[in-house]
Amino acid sequence: MNETLQVDEATPLLSASPGYTKRPAVLPVVRRYRLGGSNADYTLDSQHRFPSDAERIAFSLLVQLHYNESQYKALDESSDILESWQHTRAASAVAEDAGRRASEMLNQFLLNQSSSSAIQTIFWTAFPLEDTGHTTTRVIDMLTEDHASPELLTHPVVEAVVIKCWKYGMKVRSARDHGLSLIGYFDALSTPRVLHFIDVLGQLVFMGSLIHYLLYPPHFHITLGQNEQGTRERILTVMSAASLARRWSMHTLPAMLVFPAFVMTLPSVPLPGNVSFSVLHIALLLQLVLLHLPTSPSLPAAVKPESTIPLSTLLSHGAMHIVIPVTLFFFPVLLLATFLVSASLVDTPLTVLANFLEATPMDSRLSFFVLFITVIMLLLGGFGVTLAMFPALTLSTASTSRWDRYSREIGLHARRSFVEALVQYEPYYFPVPFNLLQLVVRVPCMVFSGLGYPVTPYVESMERVLWRVSVGLIGAVVSGFWLWGLM
């Protein structure tokens with residue numbers, strides 16, 4: 001069977017071809033692995049048969065990665081102090097051992113393999129989590145976990161596989177080697193990089209429409225019930241609704257503000273001076289910040305991710321560990337000092353105070369002004385001290401990888417963000433606002449299924465047709481620009 005069945009990332013997850021053995025579940029082996037310790041390695045090959053060495057290595061890596069993850073889950077579930085301390089020591093030792101084993105297995109496989117397709121098979125082959133159920137897991141999915149093995153995540157081959165799949169997709173090689181049809185070549189043009197670019201382009205259109213609305217809002221006039229929303233307003237409403245229709249994340253925050261701002265003012269629109277119009281300004285500020293975060297969709301992943309994502313990760317970690325804590329620490333005294341210096345510099349008494357109060361004496365003005373300057377200097381000094389103590393800003397000289405230019409820790413977080421983007425933009429992904437087309441298919445199918453007419457086998461086919469006539473066409477155009485070196 002090893003000689004006749006060729007398996008790669010284009011092979012169906014559970015193939016029905018003759019002689020195929022169902023892939024083993026991962027978690028039952030992990031539970032036996034926890035009981036047997038290192039002796040479980042010797043029984044792994046004897047209990048399960050694999051059609052290729054790539055699948056065997058993929059399964060072994062998944063066992064190691066899930067075993068490592070299970071140790072940290074046990075740590076989170078522990079409430080006893082002694083038990084928690086024991087789990088912490090065990091998790092640290094297991095993480096180091098699992099990372100070493102995973103790296104050794106991959107290196108041993110690379111010494112005996114010369115095919116890049118077999119290497120990609122390791123990361124994209126899906127195995128069931130349990131013997132019963134439809135949930136699957138892949139090595140590439142486990143690399144996005146918080147406790148993923150640093151040795152495996154920083155492996156040069158892993159970096160090369162992730163970059164290649166990001167730029168050229170998972171179907172390019174299969175389209176060339178397996179003689180896919182014209183439709184297969186067409187689908188292969190929409191690589192993860194292209195799909196991410198379309199998603200970012202949609203975010204830029206949303207932000208541009210919002211900026212235009214804030215700069216040139218409609219004038220107030222009395223309405224008699226007709227809808228005042230024009231093309232610009234409809235774009236903002238539809239784009240925000242589409243963002244809310246997909247899985248929520250930090251990038252959904254602007255849509256959470258824009259959509260109710262327009263819906264709650266119907267049949268009118270948000271006008272200057274209203275609360276809804278002020279909410280749109282907050283949404284714009286959030287959109288500007290979110291577009292520069294390392295999580296996708298964002299600008300860092302669209303332009304040289306190996307250079308810009310580490311920088312974005314460094315800045316975001318600096319904001320979380322320096323700017324926000326120091327600002328919150330000095331915020332009460334800064335607020336008080338700002339009020340005192342503002343009140344003292346007013347020549348006429350404040351209306352909130354008693355009318356018999358006179359203007360603040362010059363001595364008090366000088367004292368409060370000195371207090372305000374002192375607080376500002378303390379705030380800047382706090383930034384400087386924390387900045388000097390921040391270990392992530394030390395340039396890394398131990399690694400030649402561009403991901404680790406700011407430190408190994410920043411590089412690990414940056415790689416994990418990039419792998420998350422790669423997993424997110426897999427084939428047939430619907431960016432905003434095209435994800436609304438999925439609702440056109442899924443909502444009627446859910447209704448028919450509820451009425452006892454199962455149409456599940458046709459859902460995927462109908463979604464792919466809609467994807468090809470919408471996202472696929474745009475992806476082919478964008479991919480053409482990349483092929484000609486225009487982007």
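Buried means under 20% relative accessible area, exposed over 50% and partly exposed in between, with a 1.4 Å probe and protein chains only. Keep that in mind for the exercises below.

The model is predicted: local features need pLDDT of at least 70, side-chain atom pairs count only at pLDDT 80 or more, and totals for chains, interfaces and linings use all residues. Residues are numbered from 1 along each chain as its sequence is written, and side-chain values use heavy atoms, leaving out hydrogens and water.

**Exercise 1.** Classify Tyr429 and Tyr425 as buried or exposed, then describe their ring pair.

Solution. Start with accessibility. Tyr429 has 15% relative accessibility, so it counts as buried. Tyr425 is buried too, with a relative accessible area of 0%.

Next, the rings. A pair of aromatic rings is described by the distance of the centres and the angle of the planes. Rings of Phe, Tyr and Trp (its six-membered ring) pair if their centres lie within 6.5 Å; planes under 30 degrees apart are stacked, over 60 edge-to-face and the rest tilted. For Tyr425 and Tyr429 the centres are 4.8 Å apart and the planes stand at 70 degrees, so the pair is edge-to-face.

Finally, look further afield: the structure holds seven aromatic pairs, and ring pairs join Trp166, Trp403 and Phe418 into a cluster.

**Exercise 2.** Work out how helix 8 and helix 11 are oriented to each other, and which residues meet.

Solution. Find the helices (DSSP runs of H or I, at least four residues, numbered from the N terminus): helix 8 spans residues 156-168 and helix 11 residues 192-215. Their axes, lines fitted to C-alpha atoms over the stretch in contact, are 4 Å apart. The angle, taken from 0 to 180 degrees between N-to-C directions, is about 60 degrees.

Now classify. Under 35 degrees is roughly parallel, over 145 roughly antiparallel, 65 to 115 roughly perpendicular and the rest oblique; helix 8 and helix 11 are therefore oblique.

For the contact (heavy atoms within 4.5 Å), Cys165, Trp166 and Lys167 of helix 8 meet Pro192, Arg193 and His196 of helix 11.

**Exercise 3.** Which residues have the most contacts inside the largest nonpolar core?

Solution. A nonpolar core is a set of buried Ala, Val, Leu, Ile, Met, Phe, Trp, Tyr and Cys residues joined through side-chain atoms within 4.5 Å. The largest has 56 residues, and Ile122, Phe123, Ile140 and Leu143 have the most contacts inside it. Helix 3 (residues 53-77) gives this core its largest share, nine residues. A second, separate core of 19 residues includes Tyr213, Val258, Leu280 and Leu284.

Key. Helices (H or I, at least four residues) and strands (E, at least two) are DSSP runs, numbered from the N terminus.
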